[in-house]
Amino acid sequence: MIDLQNVTLTYPDGENRITAVDDVTLHGGNGAVTGITGPSGSGKSSILAVAAALIHPDSGGVLIGDGADQVDAAQLSRDEATALRRERIGMVFQQSNLLPALSAREQLQVMARLGGGGGRAFRAGIDDRVEGLLDAVGLAGHADKRPHQLSGGQRQRVAIARGLVREPEVLLVDEPTSALDQERGAEIMDLIARLTHERRTATLLVTHDLSHRQALDELVTVVDGKASTPA
């Protein structure tokens with residue numbers, strides 16, 4: 001679960017400040033894809049950056065998790081925020097950002113082992129988890145291929161699997177279909193929805209393209225930093 005509560009974020013602009021996120025409250029539930037849409041420059045990426053604990057908001061809370069494990073990411077130090085992203089948040093970007101020298105399997109293995117942690121059972125199960133995720137995204141037969149040997153849609157599938165390999169509670173996705181045609185984009189959106197539901201992840205997904213609206217459980221529209229839910 002992720003809850004943004006009355007989040008406001010401003011940036012300096014000479015002697016003044018520009019409001020990028022204006023008193024935004026939104027909820028991302030377990031097993032649900034919450035879409036965030038709006039025009040360019042509306043504040044969508046800033047909301048995602050706050051949700052990822054990459055930027056501290058001026059005010060408001062970013063609650064991640066449930067019960068005793070809940071943490072307010074807006075109150076964490078830089079080191080604590082880094083640990084939170086490593087252990088509890090997965091991210092998928094517009095571009096797949098895969099390492100050219102690594103195979104699909106190795107992309108996931110490196111991310112799974114990044115920074116250690118996770119306990120003995122987690123570390124012992126990494127190889128099985130990697131193979132299971134590659135199968136889940138339809139790439140079991142391409143595990144040994146490097147990025148240049150994969151199509152754009154396949155590279156994005158690897159990126160999604162990589163974002164999930166540490167079993168995060170929250171998945172943050174930024175324009176995953178922007179570099180794909182409609183057919184491949186629909187496949188990627190359906191894949192994100194299916195994995196979100198199966199793994200009970202709380203997914204926030206920024207998109208301009210509402211042709212894939214059926215893959216979203218909720219939709220929030222952002223205009224001039226303010227968020228609203230369509231009627």
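The dialogue below goes through a predicted model, feature by feature.

Biologist: Where should I start with the sheet, and what is the order of its strands?

Modeller: Strands of a sheet pair through backbone hydrogen bonds, and the pairing can be parallel or antiparallel. Here the sheet is open and has six strands, in the order β6-β7-β8-β3-β9-β10, with mixed pairing. β6 (89-92) and β10 (226-228) are the edge strands, each pairing on one side only. From one strand to the next, the twist averages 20°.

Biologist: Which way do β3 and β9 run, and how many bridges join them?

Modeller: Strand β3 (residues 32-37) and strand β9 (residues 218-223) run parallel and are joined by four bridges. To find the register, look at Ile 36, which stands opposite Val 220 in β9.

Biologist: Which helix packs on the sheet, and which strands does that helix touch?

Modeller: Helix α2 (residues 78-88) packs there, touching β6 and β7 (170-174). The direction of α2 makes about 80° with that of β6.

Biologist: How is β8 held in the sheet?

Modeller: Take its partners in turn. Five bridges join β3 to β8, and these two strands run parallel. Val 33 stands opposite Thr 203 in β8. β7 and β8 also run parallel, again with five bridges. In that pair, Leu 172 has Leu 204 of β8 as its bridge partner.

Biologist: Are the residues of β8 buried or exposed?

Modeller: Strand β8 (residues 202-206) is mostly covered, with five of its five residues buried. Both faces are covered. Ala 202, Leu 204 and Val 206 lie on one side, Thr 203 and Leu 205 on the other, and all are buried.

Biologist: How do I apply the same reading to a helix, say α1?

Modeller: An α-helix has 3.6 residues a turn, so residues three or four places apart point the same way. With that in mind, check burial along the helix. In helix α1 (residues 44-51), seven of the eight residues are buried, so α1 is largely enclosed by the rest of the structure. The buried residues are Lys 44, Ser 46, Ile 47, Leu 48, Ala 49, Val 50 and Ala 51. After α1 comes Ala 53, whose phi is positive, near 60°.

Biologist: At what angle do α3 and α5 pack?

Modeller: Helix α3 (residues 104-113) and helix α5 (residues 126-136) pack at about 135°, with their axes 10 Å apart. That angle makes α3 oblique to α5. Their crossing is right-handed.

Biologist: Which residues make the contact between α3 and α5?

Modeller: From α3 come Ala 104, Arg 105, Leu 108, Gln 109, Ala 112 and Arg 113. From α5 come Ile 126, Asp 127, Val 130, Glu 131, Leu 133 and Leu 134. Sorted by class, the contact has seven nonpolar, one polar and four charged residues.

Biologist: Now a single residue in a loop. Why is Glu 175 classed as buried?

Modeller: The cut-off for buried is under 20% relative accessible area. Glu 175 has 7%, and is therefore classed as buried. Glu 175 lies in the loop between β7 and α7 (182-199).

Biologist: Which residues does Glu 175 touch, leaving out those up to four places away in sequence?

Modeller: Glu 175 touches Lys 44, Gln 94, Val 206, Thr 207 and His 208. Two of these names came up earlier: Lys 44 is among the buried residues of α1, and Val 206 is among the buried residues of β8.

Biologist: How many residues lie along the chain between the positions of Glu 175 and Asp 3, and what separates their C-alpha atoms?

Modeller: The two are 172 residues apart along the chain, and their C-alpha atoms are separated by 21 Å.

Notes:
Residues are numbered from 1 along each chain as its sequence is written. This is a predicted model: local features need pLDDT of at least 70, side-chain atom pairs count only at pLDDT 80 or more; totals for chains, interfaces and linings use all residues. Side-chain values use heavy atoms; hydrogens and water are left out. Two strands pair if DSSP finds at least two bridges between them. Axes are lines fitted to C-alpha atoms, for helices over the stretch in contact, and angles run from 0 to 180 degrees between N-to-C directions. Contact means heavy atoms within 4.5 Å. Angles under 35 degrees count as roughly parallel, over 145 as roughly antiparallel, 65 to 115 as roughly perpendicular and the rest as oblique. A crossing is left-handed if the near helix is turned anticlockwise from the far one by less than a right angle, and right-handed if clockwise. Ala, Val, Leu, Ile, Met, Phe, Trp, Tyr, Cys and Pro count as nonpolar, Asp, Glu, Lys and Arg as charged, and the others, Gly among them, as polar. Buried means under 20% relative accessible area, exposed over 50%, partly exposed in between (1.4 Å probe, protein chains only).
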